[in-house]
Every structure is written in C-alpha cells, then in structure tokens.
Amino acid sequence: MKQNIAVQVDDLTVAYNYKPVLWDIDLEIPEGVLMAIVGPNGAGKSTLIKSILGILKPIAGSVRIYGKSYEKQRSLVAYVPQKGSVDWDFPTTALDVVTMGTYGSLGWIKRPRQKQKKAALEALEKVGMLAFKSRQISQLSGGQQQRIFLARALVQDAAIYFMDEPFQGVDATTEIAIINILKELRKAGKTVIVVHHDLQTVPEYFDWVTFLNVKKIATGPVRDIFNDDNLTKTYGINYKVSIQE
Amino acid sequence: MLGSFAVLRKQSLLGDAISHAALPGIAISFLITGAKDSHTLLLGALVSGLIGTFWIRGIITKTHLKSDTALGLILSLFFGFGMLLLTFIQKQPNANQAGLDKYLFGQAATLVESDVWMMAIVTGICLFVLLLFWKEFKILLFDKDYAKTLGFNTKLIDILITSFIVLAIVLGLQTVGVVLMSAMLLAPAAAARQWTNSLATMVVLAAIFGAFSGVFGTAISASQNNLSTGPVIVLVAAVFVLISFIFSPSRGLLFKQIRFIKNRRDLELHKTLAFMYHIAESHADITHPHEIKILNGFQGYTKGTLKKLVEKNYVTLKGSTWSLTNEGFESALNLYNQLSKNDE
C-alpha cells in the first residue's frame with residue numbers, strides 16, 4: 001500500500017537558549033491518519049507542532065507539507081492552540097472567534113461577509129455550540145472554549161489539522177464530542193495530529209502514534225508500536241499500559 | 001481609543017514608558033534646532049518614543065527579563081536622561097528654554113490652532129488605519145500564534161499597533177504631559193472595558209470617555225483659576241473609571257454585590273420553605289400548625305425570611321405557630337421537583 005506523505009520532517013532541531021528541545025527529528029506522517037504525539041512534560045511535543053507551523057524558528061531541519069514548503073501550503077493546514085495560550089477575558093463572542101478561522105483565506109484588509117459567517121455558524125453547529133454563538137467567551141466553560149477553538153480550525157477547511165492538547169481540562173462529554181469530530185475528519189480523508197497526554201486512551205482514539213522525548217523514539221501504527229517497550233523508552237520508567245483488544 | 005489595545009495586550013505600562021521615553025527626544029530636538037515650536041519638539045518626542053519602545057521589545061525578546069522589568073528600565077533610563085538634558089538646557093543663557101518643562105505636566109493653554117489641526121489629522125489617520133486593519137488587529141490581540149499560522153505577518157501588525165500607540169501618546173504630551181499621559185491612554189480604555197464585551201463598542205466607548213474627560217477637564221480648569229488642565233483632565237478620566245468599576249451592570253462591584261446578596265436571600269428563602277415542606281409533609285393535613293421554635297435549629301432561617309414567606313402568602317402565622325398554606329406547599333413541591341431535575 002502506497003500512501004501519500006502529508007507531513008515530512010527532516011533533521012528538525014529546535015532549541016530555546018542552549019538546551020535543545022528537539023533533536024534531529026525525522027518524521028513522516030502519512031495522509032489520512034489520526035495521530036497522537038505522546039511523551040513526558042518537556043519532551044517537545046508542542047514545540048514540534050509549533051516548529052512545523054513556523055511559529056517557532058528551528059535551528060536546523062526542514063518541513064514539507066505534501067512535498068512543498070509550509071509557506072506555500074499554509075491553506076492546507078489548520079491549528080488548534082492550547083486553550084491556555086489566549087486570554088479568554090478578551091471582549092468578543094464565540095461566533096467572532098470561530099470567524100477568525102476564515103481570516104486566513106480572506107487575506108489582508110478584507111472583512112468577513114455573509115459567506116464567512118455562514119461557514120462559522122456551520123462549524124459551531126458541528127461542535128454543538130450553535131446555541132452559544134453570541135456568548136461572551138469568558139462565560140464559556142473550559143470544554144466549551146475548547147470546542148470553540150476546534151470550530152475555528154474546522155472553518156479553515158484544511159487537509160491537515162494540528163491540535164495542541166485538545167483534551168486538556170475538558171469533561172467527558174466534551175472529550176467524546178471532540179474525538180467524534182476527529183474521527184469524522186479522518187473519515188473524510190484528513191490528517192489529524194494531536195498532542196496527547198492520556199496514554200490510556202491512545203489505542204481507543206488513534207490509529208497512529210509518535211513517541212517523543214527530545215528525540216523521536218518511534219512512530220507508526222498504534223497496533224504495531226504502542227507497547228511497553230516504547231513507553232519505557234519514552235518515559236524512562238517501566239510504564240505498563242493494558243491494551244484492550 | 002488606541003488605549004484599548006494597550007489594555008487588552010496587558011501592556012498597560014507601555015504607555016507610561018513611551019511617554020517618559022519621549023522626554024529626551026523633546027530636549028534633544030530643542031538642543032539641535034533651538035526651535036520651540038511644538039511640531040519640531042514632538043517630532044523629537046516621536047523618534048525617541050519609538051526608539052524606547054523598540055528597545056523594550058528588544059530587551060523582552062532577547063533576554064530573560066520580564067516585560068515589567070524592561071519597561072521600568074527603559075522608562076527610568078530615558079526619563080532620567082531627559083531630566084538631565086532639561087536641567088542642562090535650563091542652565092543655558094537662552095531665553096527660549098522657558099517652555100520646555102511644560103511637557104512634564106503638560107499645558108493645554110500652550111496649544112495653538114495648528115496643534116489642534118495636527119491632532120485632528122493624526123486622529124483621523126489613526127481611525128482610518130484602525131478601521132482598515134480591524135480584523136488583523138483583533139486576531140493579533142487575541143491569538144498571535146494562530147494569526148501567524150493563518151499567514152499574517154504578525155510582526156508587521158505588531159509594529160503598526162505599537163507605532164500608533166506611540167503616535168497617540170506623543171500627541172497628547174503637550175496637553176497632559178509626560179508624567180500623566182499614560183493615564184489618558186489607559187483610563188478611558190479601562191473604564192470602557194467595564195461596560196461592554198465587544199471590542200468595537202469598547203474602542204468607541206473609550207474614545208467617548210477620552211473626549212469627555214478632555215472637554216470636562218478643560219472646562220473645569222478654565223472656570224477655576226490656575227488649575228492646570230492636564231491633571232484635571234486625568235482626574236475626570238479617573239472619575240469615569242471609578243464610576244465604571246462600581247456601577248457597570250455586568251462587571252461592576254455594586255451590581256455584583258447586589259446579585260450576590262439577592263442570590264443568597266433567594267436561596268435562604270427556598271431552603272427554609274423546603275425545610276417547612278418536609279415538616280408539613282409528615283402530616284396528613286399540610287396546613288397543620290407547627291411551633292416556630294423548631295425552625296430555630298435550621299441554619300438559613302431568620303425572622304426576615306419568615307416575614308417574606310408570610311408576605312408571599314406561603315405561610316400563615318398564628319401566635320407562636322406557623323403553618324404552610326396550600327400555595328406554599330405547591331411552590332415548595334415545584335422547587336423540589338426542579339432541584340431534583342437539575343441534579344439529573
């Protein structure tokens with residue numbers, strides 16, 4: 001089976017100050033997978049995503065999105081940042097935040113019109129937040145805020161989705177809602193890459209996994225490589241996860 | 001108006017630093033040109049304000065220092081340098097020197113018609129740019145990294161916003177002065193934030209508050225002898241802030257407290273009613289009278305709540321006993337059902 005490579009990372013090295021956060025990362029992410037990036041705190045999971053997206057400048061290495069540089073393929077990529085990265089007391093509404101997803105395709109100066117608003121409303125409906133469209137964002141719960149972020153990425157109608165800990169601090173209902181949307185995206189042939197913390201749910205949610213701890217430990221299908229051996233290599237301790245068949 | 005952006009970026013002190021950083025610019029441009037007309041001096045202020053700002057940014061990105069440290073550092077450095085130059089100028093036998101210290105606290109009286117025109121034009125340009133790049137400004141303020149992934153040149157937008165903040169500050173220097181300028185930038189924005197949850201409304205409100213403080217402040221200082229205009233304007237703006245903090249319907253302290261107390265009262269009432277309901281339930285006749293004394297053991301119970309219940313016709317009192325009315329019983333039953341429904 002020959003699959004297209006959605007994201008290709010070569011020799012990526014990133015450092016804050018003196019200490020390397022990512023070291024010589026080579027990574028191929030095939031098209032259409034739902035992939036988890038797992039690793040301990042400080043392993044560089046968020047950094048990896050941010051470097052691929054050009055938010056951080058790597059010291060060395062290159063990133064290709066469908067064979068071309070990221071700058072050229074920007075419209076194919078959507079990003080869901082960590083929820084905690086923004087100030088939720090910002091004076092704006094849920095619909096407004098989701099509409100921001102259309103800003104990229106609009107470009108400079110042009111304003112969102114009926115078409116963009118419609119797209120934003122549809123995305124809100126997909127994440128089950130239509131009833132909250134006029135709600136001030138500070139008055140949303142953590143899970144609702146996360147869904148708003150997800151909706152904003154959905155509006156971009158991208159081919160590849162990068163998500164930084166979308167399950168952090170959300171309740172069970174939201175977690176299920178989000179994972180259902182991610183699975184739908186995969187069904188539609190999209191590639192979804194998720195920084196994930198909860199090892200127990202990896203086999204249930206994802207079909208592809210990358211183990212990361214400054215260096216890449218392993219990457220591949222969950223059923224082949226999600227085992228105690230790789231977990232121990234990544235986390236340093238003897239980690240045992242029971243995989244339900 | 002532009003203060004809204006400074007407040008939302010949590011860079012409120014930036015305004016203070018910029019206005020102080022503008023002082024050496026004023027002094028230097030006086031030293032070089034010897035001119036005292038405000039345009040030349042403000043140009044100097046603009047240049048040194050911008051230099052100060054970009055130094056602050058440089059310090060923040062290049063070193064480990066926190067932004068408040070960088071701000072404080074640049075603020076005092078530039079202000080100290082400016083004061084040094086000012087005293088130096090004052091020692092010089094130059095009749096023209098007299099007006100410079102006006103920039104410390106500002107003096108609206110020194111404004112001439114051409115100054116006012118310049119302010120109007122620059123304000124117009126600011127407004128135009130603001131409307132043009134509204135979307136870009138908004139997304140940068142809310143989520144910078146995300147804006148970057150959408151392909152916006154965040155550095156450019158950032159520089160644009162910052163430059164306009166500097167411009168606005170420099171223009172205000174003549175009126176309010178170096179020391180108080182940041183208040184003029186922030187107070188209207190802080191006040192406006194209390195009243196609205198929409199960025200657009202906030203910006204408009206801030207502009208209105210700012211304009212009103214200016215007009216009122218000038219009027220007050222003109223009607224009283226020798227009150228300098230700048231401080232009065234700032235005080236008026238501060239009054240706006242105070243009023244907004246206390247009286248704003250959604251975020252204000254007063255209404256928050258009122259809501260809190262009302263909520264508490266309502267809950268007390270409901271709880272007492274529920275307590276009575278449970279007692280009354282045990283009798284076949286729900287209106288059977290009970291001693292008021294049994295209520296004393298119940299936490300939420302006060303004479304006030306009992307009186308309110310009587311007023312609502314949920315309870316009747318007879319001597320030292322109370323009894324639930326049919327109405328009260330039904331209301332309690334409804335509450336009970338509602339509560340258990342919410343629990344599900």
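Which residues are linked with B:Lys144 in a network of salt bridges? They are B:Arg57 and B:Asp158. Keep in mind that this is a predicted model, and let's start the walk from that network.

The B:Lys144 and B:Asp158 side chains meet with 3.7 Å from N to O. B:Lys144 belongs to helix H8 of chain B and B:Asp158 to helix H9 of chain B, so their salt bridge ties together parts that are 14 residues apart in sequence. The two ends sit in quite separate settings: B:Lys144 is partly exposed at 42% relative accessibility, whereas B:Asp158 is buried, at 2%.

Across all chains there are ten salt bridges. One of them runs between B:Arg193 and A:Asp89, with the closest N and O atoms 3.6 Å apart. Since B:Arg193 comes from helix H10 (residues 181–195) of chain B and A:Asp89 from the loop between strand S6 (77–80) and helix H3 (94–99) of chain A, this pair joins two chains. B:Arg193 is buried, with a relative accessible area of 7%, while A:Asp89 is partly exposed at 31%. For a local case, look at B:Lys262 and B:Asp266, which meet at 3.2 Å, N to O. They are four residues apart in helix H13 (residues 253–281) of chain B, so about one helical turn separates them. Here B:Lys262 is exposed, at 51%, and B:Asp266 is partly exposed, at 31%.

Now for the rings. A search of the whole structure turns up twelve aromatic pairs over all chains. Take A:Trp108 and B:Phe152: their ring centres are 5.7 Å apart and their planes at 80°, so the pair is edge-to-face. A:Trp108 sits in the loop between helix H4 (103–106) and helix H5 (114–126) of chain A, and B:Phe152 in the loop between helix H8 (144–149) and helix H9 (154–176) of chain B, so this pair joins two chains too. The tryptophan, A:Trp108, is partly exposed at 31%; B:Phe152 is buried at 5%.

Another edge-to-face pair is B:Trp55 with B:Phe78, at 5.6 Å centre to centre and 80° between the planes. It links distant parts of the chain, with B:Trp55 in helix H3 (residues 38–62) of chain B and B:Phe78 in helix H4 (residues 67–91) of chain B, 23 residues apart. B:Trp55 is partly exposed at 47%, but B:Phe78 is buried at 9%. The buried residues of H4(B) also include B:Leu71, B:Ile74, B:Leu85 and B:Ile89. That helix has 25 residues and reaches 36 Å from its first C-alpha to its last, close to the 36 Å expected.

Rings also gather across the chains: A:Trp88, A:Phe90, A:Phe149 and B:Phe142 are linked into a cluster by ring pairs. Charges find rings as well. A:Arg152 lies over the face of B:Tyr146, 3.4 Å from the ring centre, and the charged end of B:Lys135 sits over the ring of A:Tyr103, 5.5 Å from its centre.

Last stop: the strands of chain B. S2 (residues 315–318) pairs with S3(B) in the antiparallel sense over four bridges, with B:Leu317 opposite B:Trp322. The two form a hairpin with two residues between them, and B:Gly319 in the turn has a positive phi of about 60°. S1 (residues 290–291) also pairs with S3(B), antiparallel over two bridges, and puts B:Glu291 opposite B:Thr321. Within S3 (residues 321–324), B:Thr321 and B:Ser323 point one way and B:Trp322 and B:Leu324 the other, and all are buried.

Methods: Residues numbered from 1 in each chain as written. Chains lettered and ligands numbered in written order. Predicted model: local features only at pLDDT ≥ 70, side-chain atom pairs only at ≥ 80, totals over all residues. Heavy atoms only, no water. Buried < 20%, exposed > 50% of the residue type's maximum accessible area, 1.4 Å probe, protein only. Pairing = 2+ DSSP bridges. Phe/Tyr/Trp six-rings, centres within 6.5 Å; stacked < 30°, edge-to-face > 60°. Lys NZ or Arg CZ within 6 Å of the ring centre and 35° of its normal. Expected span 1.5 Å × (residues − 1). Salt bridge = Lys/Arg side-chain N within 4 Å of Asp/Glu carboxyl O.
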